[in-house]
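Grab a coffee and work through a few exercises on the structure below. Try each task yourself before reading the solution.

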Amino acid sequence: MKRVLFLAIILSITVDSWAQFRRNRTERSTTPSENNLSYTNPAEYTIGGIEVTGLSVLDKNAMVSLTGLKVGDKIKIPGDGISNAIRSLWKHGLVGDVTIKVDRIEGQNVFLNITLAERPRLTGFYFNGISNAQETGLKEDLNLIRGKIVTDAMVRNTETGVKKYFIKKGFLNAEVKIVQEKDTLNKDGIRLRINVNPKSKVKINQISFVGNNTISDAKLRKKMKKTHERPRFSIHRAILSEILHLNPKEFIDSSYTVGSNELKEFLNDNVKLNLFSGSKFIKTDYEDDKKKVIEFYNAKGYRDAELVVDTVYANDERTINIDFEVSEGPKYYFRNIIWTGNYIYTDKQLSAVLAINKGDVYNNELLQKKIQFNPKGLDISGLYMDDGYLFFRCVPVEVAVEGDSIDVEMRIFEGEQATINEVTITGNDRTSDHVIRRELSTIPGQKFRRSDIIRTQQRLGQLGHFAPDKINQNLVPNPAKGTVDIEWQVEEQSNDQVELSGGWGGYYGFVGTLGLTFNNFSLRNVPNLKEWNPLPRGDGQRLSLRLQANGRSFQSYSFSFSEPWLGGRKPHSLSISYVHSQSRYAGRGASSYNDLNSKLKADNISVGLGRALEWPDNYFTLTNSLGYAVYTLQNIDYGLGCDNCSSYAVTLNTTLSRNSVDNQMYPSQGSSLSLSVTLTPPYSSFNNIDYTTASAETKNKLQEYHKWMFDVHQYLPLDNKKKLVLEAKAHFGFIGAYNKGKTGIGPFERFVLGGSGLAGGFNSFVLGKEVIGLRGYQDNQITPPSYTVGNSTSQEGGIVYEKLGLELRYPVTTGNAATIYGFIFTEAGNNWGNYEDYNPFKLYKSAGIGARIFMPAFGLIGLNWAYGFDRVPGTSDVSGSQFHFTIGNQLR
């Protein structure tokens, strides 16, 4: 017993001695001071100083600040203060290693030393295993900034970002590995080598549905807009069986009707030719497409439809299959629609606008459209909000579901009529406020109307000064006061244009054109040199200067100015224009003249006044203009009966137009139409000239005619995003004489048809004519041949023309920098020299493709290829293939 007790005492002494030895050793290693710290009994000290070592880039004071430690603070050692300081430095990710030591202790003051190891900084990165195009796309997506500290989080995020990029492109199995390399030129720098193995794109092999008893797989697949099967051509076995049971005569005979409806349905649902649609699998698109399938079911009345299970699994290394299990549920129908809370409008009036009847298939999406916003007609919200009821609400509630029938209660809160309080404008850096305010239909003090909001947005877009898709309104209602504040948000776009072009004009040689158009000019700021940038702007006026020349052969100079709001109070416009042109050519009777000695000069000046109309609606405008023109002939037989003489025209033009298009550069909906009448005084009715004996020169000295022009454009969006747009257009022109027996119709203002429609184009310099384009035929090719009018005066050009066309457009981009769109078209037209030959169904037809690009600095430029299907008189074959270059937005 004594021996055991003795051994226990010895063991206890040994353990205590070893613990004391370890404690003393630890204290000596962490505390160089001879004043040993007690870890079992922490002591409180005052921080006497903090020293930071190990930094080359980071600021020492900033690092001390991040620790939370300050000289003069009390701190317990050992204690949580040191641990918290270390965690705080780690949290910011600026350093890779942190050590805090007690440098020395002087009385109650402790001096600390913080040793830090800075993380390396990014000096560059590069990719391995991908193409230049993929590398460019990745650089735009990744947020890698040179000089930024390289952390583990940065490396992980970069790897994730690269993978996401390739997954979006359909490379679901892409592998990414990032290697950090020391920069040999920067000792503290790191370069990232991003190794990528995209592997093969994963395509969707097959999409299958189970449980869809009422809607076919093909119809459901069509609703998945971005999730498609691999392109292939397949025919349902039932179709094949149907076809195989027909003999050839039955199959091609148009009188075959037995089973034809079933065959048509099979073909529509089961024949797939998706040659141009992608089949890559993108998770986000896939999730959106699943919602579209359910929405399609809901629209068909299957209110309870759901995708119970969807399974995505590998078919082989490069393809996957997708299986859906569908629970359709019963098909529901509307039964009773009950209105409550409506006092302004009766149940009958509201039901007429809603246009949903008892027995209609239950469609909640359609119901919401008819309540909130119906793009194809009236809706309940529009009915109330156009009468000022901005605070109106309508909540449809299903109050009964019995069998396959649903009763819906329409709970209406009408509220008070709202009055517009304040209207503010933001974003107009160049355009003056008054230019915008005069276009607003939302005026303080007036009753709020939703139609005024829509109309204002259209009018601001038509100005051309702002990006149409960036024009927004922010409504701030105040139900307590019954008012609403409206903030109009716009984004300026440059719509000034510089036209600089050149080309070969055939007989005339090189032709150059220089044009400047300032669409936001300010005449009142001309004296203020500070507003010149490069010209004064901001008042919405239009100033245009244009020069087109080919040495001595052809010159044309034009100037125009327009003020859309003359006086600034009402939309009364003023326009002034002057054009001087001259063309040197031999004319008829070329053998007797030298080209440089022949000349036709034309001087035109006009002044116009216009105003906006409120009836039939506020899309109409009426413009009246007075014009004066002088045509001077020098050694030219132009059909006037003289070679060296002048002809004068005083004209009054009245134009009634309507324009409701939503965007001038790329219209997607709306229409524009114009009816124009140009009249000269009927000189033959009151002068004393004997037209039976007068010379042609005398008859044509004062031009006498009346001219009628009609143009219409209709734009129809073919998709919900209003990108695919169909334009239908029609143009007609007629010229007549007041007294055909006396004067006939002179040579000026007649129609020439064909080609690009450019007056003074690269192959024709036509003065005194109305130039109409018709793609697929040469410039001015469709022009009636010379014929005799009156005594013996030979005239060229038509007095009746007709042109019809269809154009299907799709945009590449409609951004502020440029608007680019492609199109396919077909058009037809003709030009007649007298009314006896006029046949509206005898037209020269063509079709083709093209593209247009609008850039604010250069205007609208078009390139067209067309094929003319008909033979023009005087030629031996059809017109065939033709290329056309166009400049500007042509009306006809």
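**Exercise 1. Find what caps helix α2, then work out which way the helix faces.**

Start at the N-terminal end, where Asp59 does the capping: one of its side-chain oxygens sits 3.2 Å from the backbone nitrogen of Asn61. Keep in mind that this is a predicted model.

Next, sort the residues of α2, which runs over 60-67. Met63, Val64 and Thr67 are buried. Viewed down the axis of α2, the buried residues fall within an arc of 100 degrees, so they line one face of the helix. Asn61 and Ser65 are exposed, on the other side of α2.

Now ask what the buried residues of α2 pack against: the partners are β1 (43-53), α3 (80-91) and β4 (109-118).

Finish at the far end. Gly68 follows α2, and its phi is positive, near 85 degrees.

**Exercise 2. Work out which elements build the largest nonpolar core, and which residues in it touch the most other members.**

A bit of background first: in soluble globular proteins, nonpolar side chains tend to be buried together.

Begin with the members. The largest nonpolar core has 23 residues, and Val110, Leu112 and Leu116 are the ones that touch the most other members. Then look at where the core comes from: β1, α2, β2 (74-77), α3, β3 (95-106) and β4 each give it two or more residues. The biggest contributor is β3, with 5 residues.

Zoom in on Leu112. Ignoring neighbours within four places in sequence, its contacts include Ile47, Ile50, Leu69, Ile77, Ile82 and Val102. Glu51, Lys101 and Asp103 are also among the contacts of Leu112.

Last step: another core lies apart from the largest one, with 21 residues, including Phe127, Leu142, Val162 and Phe166.

**Exercise 3. Repeat the helix analysis on α12.**

Look for the cap first. Asn363 caps the N-terminal end of α12, with a side-chain oxygen 3.1 Å from the backbone nitrogen of Glu365.

Then pick out the buried residues. In α12 (364-371), these are Leu367, Lys370 and Ile371. Down the axis of α12, the buried residues stay within an arc of 100 degrees, so they line one face of the helix.

Finally, list the packing partners of those buried residues: β13 (333-340), α11 (347-354), α13 (380-385), β14 (393-402) and β15.

**Exercise 4. Decide whether Ala418 is buried or exposed, and find what surrounds it.**

Locate it first: Ala418 is in the loop between β15 (405-413) and β16 (419-426). The relative accessible area of Ala418 is 1%. Buried means under 20%, so Ala418 counts as buried.

Now check the surroundings. Leaving out neighbours within four places in sequence, Ala418 is in contact with Gly388, Leu390, Phe391, Gln446, Lys447, Phe448 and Gly482. Asn478 is 60 residues away in sequence, yet the C-alpha atoms of Ala418 and Asn478 are 8.6 Å apart.

**Exercise 5. Zoom out: describe the whole chain and look for enclosed space.**

Count the elements: the chain has 16 helices and 38 strands. Of its 892 residues, 42% are buried. For contacts between residues at least 6 apart in sequence, 61% join residues at least 24 apart.

Then hunt for cavities. The whole structure has 2 of 30 Å³ or more, and the largest holds about 120 Å³ of space. That largest cavity is lined by 14 residues, and closest to its centre are Asn700, Gln703, Glu704, Ile745 and Gly746.

How values were computed
Residues are numbered from 1 along each chain as its sequence is written. This is a predicted model: local features need pLDDT of at least 70, side-chain atom pairs count only at pLDDT 80 or more; totals for chains, interfaces and linings use all residues. Side-chain values use heavy atoms; hydrogens and water are left out. Buried means under 20% relative accessible area, exposed over 50%, partly exposed in between (1.4 Å probe, protein chains only). Helices (H or I, at least four residues) and strands (E, at least two) are DSSP runs, numbered from the N terminus. The arc is that of the directions from the helix axis to the C-beta atoms. Contact means heavy atoms within 4.5 Å. A polar contact is a pair of N or O atoms within 3.5 Å; within protein, one must be able to donate a hydrogen and the other to accept it, and residues adjacent in sequence count only if both atoms are side-chain atoms. A nonpolar core is a set of buried Ala, Val, Leu, Ile, Met, Phe, Trp, Tyr and Cys residues joined through side-chain atoms within 4.5 Å. On a 1 Å grid over the protein atoms alone, a cavity is a set of points where a 1.4 Å probe fits but cannot get out, and a pocket is an open set with protein on both sides within 12 Å along at least five of seven lines; lining residues have an atom within 4 Å of a point. Grid points are joined across faces, edges and corners, and a volume is the space filled by probe spheres set on the points.
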